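Trainee: Please choose one part of this model and take me through it closely. I would also like to know how it relates to the rest of the chain.

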Amino acid sequence: MTETASRRTLHITTWGCQMNVYDSGRMADVLRPLGYRQVATQDADMVILNTCHIRERASEKLFSELGRLRALKESRGGAMMIAVAGCVAQAEGAEILARAPHVDLVVGSQAYHRLPELIAEIEAKRRAVIDTDFPAAQKFDLLPEDQASQGPIAFLAIQEGCDKFCTFCVVPYTRGAEASRPAAAILAEARRLVAGGAREIALLGQNVNAWHGEAPDGATWNLARLLAELADIDGLARLRYTTSHPRDMDAALIAAHRDNPKLMPFLHLPVQSGSDAILARMNRRHGADLFRRIAGELRAARPDIALSSDFIVGFPGETDADFAATMRLVRETGFALAYSFKYSRRPGTPAADAADQIDEAVKDARLQELQAVLRDQQHAFNRAQVGRSFEVLFTGPGRHPGQSTGRSPYLQPVVVDNADIPPGTLRTVKIVQSNPNSLMASLTQEQIAA
């Protein structure tokens, strides 16, 4: 490595889901051998914007940030490389360079393992480069084994892409078809993460429970079998997986919630709507009763399991009766946490061209009504934890001096006062207070004595 290369600096801005967080970490891993170290934006030789195309106004957010970076680049006489990565890059590569010619590189979700080659090409040819190919199988094979520690809670991508083609979603177009990593590669990466300090691993995929990978003996494992193998790793205390599709919740995976003690009793399972008519228009390929049946089977298998979900209101054609069906499903099921959004058009998706779009005022009213119920359910779930004792995985100091913070089995932030607990430590605590988005706890007498 040359002296110049050893001084290279990098900043990655990440928008979107846990998969994007994972991808950003792996981009940094790819660039570390070239001498890149992460710094603040204003000090970076290279800035990567790792984008998300799921949420509304993703493009506007990107171009707003690119305008800010253009001024910074010009103030340095052009001595800064700007790259756009992720799903917006995948979907709008040429448009990005046309609207923002100060961008040097557009790299898609399946091509970031080629960052060193792409940077070399830019430096040699002095022109912008686009790489939005889809060599999904190659990307994971070519990423470096050396990974920076993610801390006590680590993400591990096991699956990418989606074959469901929901009519509102861009994922099949930006991430490609479903592709599962081989089990041996996942197990090897999990062991490295644990060696680097991870106590909890969250398996990631756009449709993670569709994972079916090649086993070391050439057979094919399902996700339940993979979770069982991961649970045997010494030092790994907790497992999670996200995001799931109801159609891929098979009996073995539901049983894993009963039989695998390291699998946490919390599941995010998006349903999107409680109306069969709207689910059909969304091309979800299931009805509301399938979700009800799965929720019941999960609770029978693991009575303390807590559920989370996603909801879209104001989807094209949604009537008052359709929305009432969603509200009925929410009240019947009861959620510890949920994410809810107004439908917004995604260019290129079938629903974007539907003629019966819903008025924004109607969407606003329905979203407020839904979120009020979801908020009440979340607060009730948090209040129900007061007086309970359970293990918390501590991740670091809290916001105030003397505090330590961690995560409950249900992913809630938990704060303990007057306790200097090292990150990565599991301690049994007693919940003494609930807040809307967090819990306060104290160490048990046994923990204090220890």
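Mentor: What follows starts with one loop and its residues, then moves to the core, to other loops and to a pocket elsewhere.

The model is predicted, so local features need pLDDT of at least 70 and side-chain atom pairs count only at pLDDT 80 or more, while totals for chains, interfaces and linings use all residues. Residues are numbered from 1 along each chain as its sequence is written, and side-chain values use heavy atoms, with hydrogens and water left out.

The part to look at is the loop between strand E13 (238-242) and helix H10 (251-259), where Thr-243 has its place. Helices (H or I, at least four residues) and strands (E, at least two) are DSSP runs, numbered from the N terminus. Thr-243 is joined to Thr-242 by a cis peptide bond, with omega of about 5°.

Ser-244 belongs to this loop between E13 and H10. Ser-244 is buried, because its relative accessibility is 4%; buried means under 20% relative accessible area, exposed over 50%, and partly exposed in between, with a 1.4 Å probe and protein chains only. Setting aside residues up to four places away in sequence, Ser-244 touches Asn-207, Val-208, Asn-209, Met-249, Leu-267, His-268, Leu-269 and Pro-270. Here contact means heavy atoms within 4.5 Å. One of these partners, Leu-267, is 23 residues from Ser-244 along the chain, and their C-alpha atoms are separated by 8.5 Å.

His-245 also lies in the loop between E13 and H10. It counts as buried because its relative accessible area is 5%. Outside its neighbours within four places in sequence, His-245 is in contact with Lys-164, Asn-207, Asn-209, Leu-269, Arg-284 and His-286. Asn-207, Asn-209 and Leu-269 are thus among the contacts of both Ser-244 and His-245.

Next comes the core. Tyr-241 touches Leu-203, Val-208, Leu-223, Leu-227, Met-249, Leu-253, His-257, Leu-263 and Leu-267, again leaving out residues up to four places away. The largest nonpolar core has 53 residues, and Tyr-241 and Met-249 are among those with the most contacts inside it, together with Ile-158, Ile-201, Leu-203 and Leu-226. A nonpolar core is a set of buried Ala, Val, Leu, Ile, Met, Phe, Trp, Tyr and Cys residues joined through side-chain atoms within 4.5 Å. Another core, of 29 residues, lies apart from it and includes Tyr-36, Ile-48, Ile-122 and Ala-157.

Other loops have features of their own. Phe-165 is in the loop between strand E8 (159-160) and helix H7 (171-174). Its phi is near 55°, a positive value in a residue other than glycine, and Phe-165 is partly exposed because its relative accessible area is 39%. Leu-411, in the loop between strand E18 (404-407) and strand E19 (413-416), likewise has a positive phi, near 75°. At 30% relative accessibility, Leu-411 is partly exposed.

For the wider layout, the chain is divided into domain 1 (9-131), domain 2 (139-383) and domain 3 (386-449), with bounds from an automatic or database domain assignment. The centres of domain 1 and domain 3, taken over C-alpha atoms, are separated by 37 Å.

The loop can also be placed against Asp-45: His-245 and Asp-45 are 200 residues apart in sequence and 40 Å apart in space, C-alpha to C-alpha. Asp-45 is in turn one of the residues that Met-81 touches, including also Met-46, Val-47, Asp-104, Ile-119, Ile-122 and Glu-123. Met-81 is in strand E4 (residues 81-85) and is buried, because its relative accessibility is 12%. From Met-81 to Leu-269 the C-alpha distance is 39 Å, across 188 residues of sequence.

What is the volume of the second largest pocket? That volume is about 350 Å³. Of the 15 residues lining this pocket, the closest to its centre are Ala-79, Met-80, Met-81, Glu-123 and Arg-126. On a 1 Å grid over the protein atoms alone, a pocket is an open set of points where a 1.4 Å probe fits, with protein on both sides within 12 Å along at least five of seven lines; lining residues have an atom within 4 Å of a point. Grid points are joined across faces, edges and corners, and the volume is the space filled by probe spheres set on the points.
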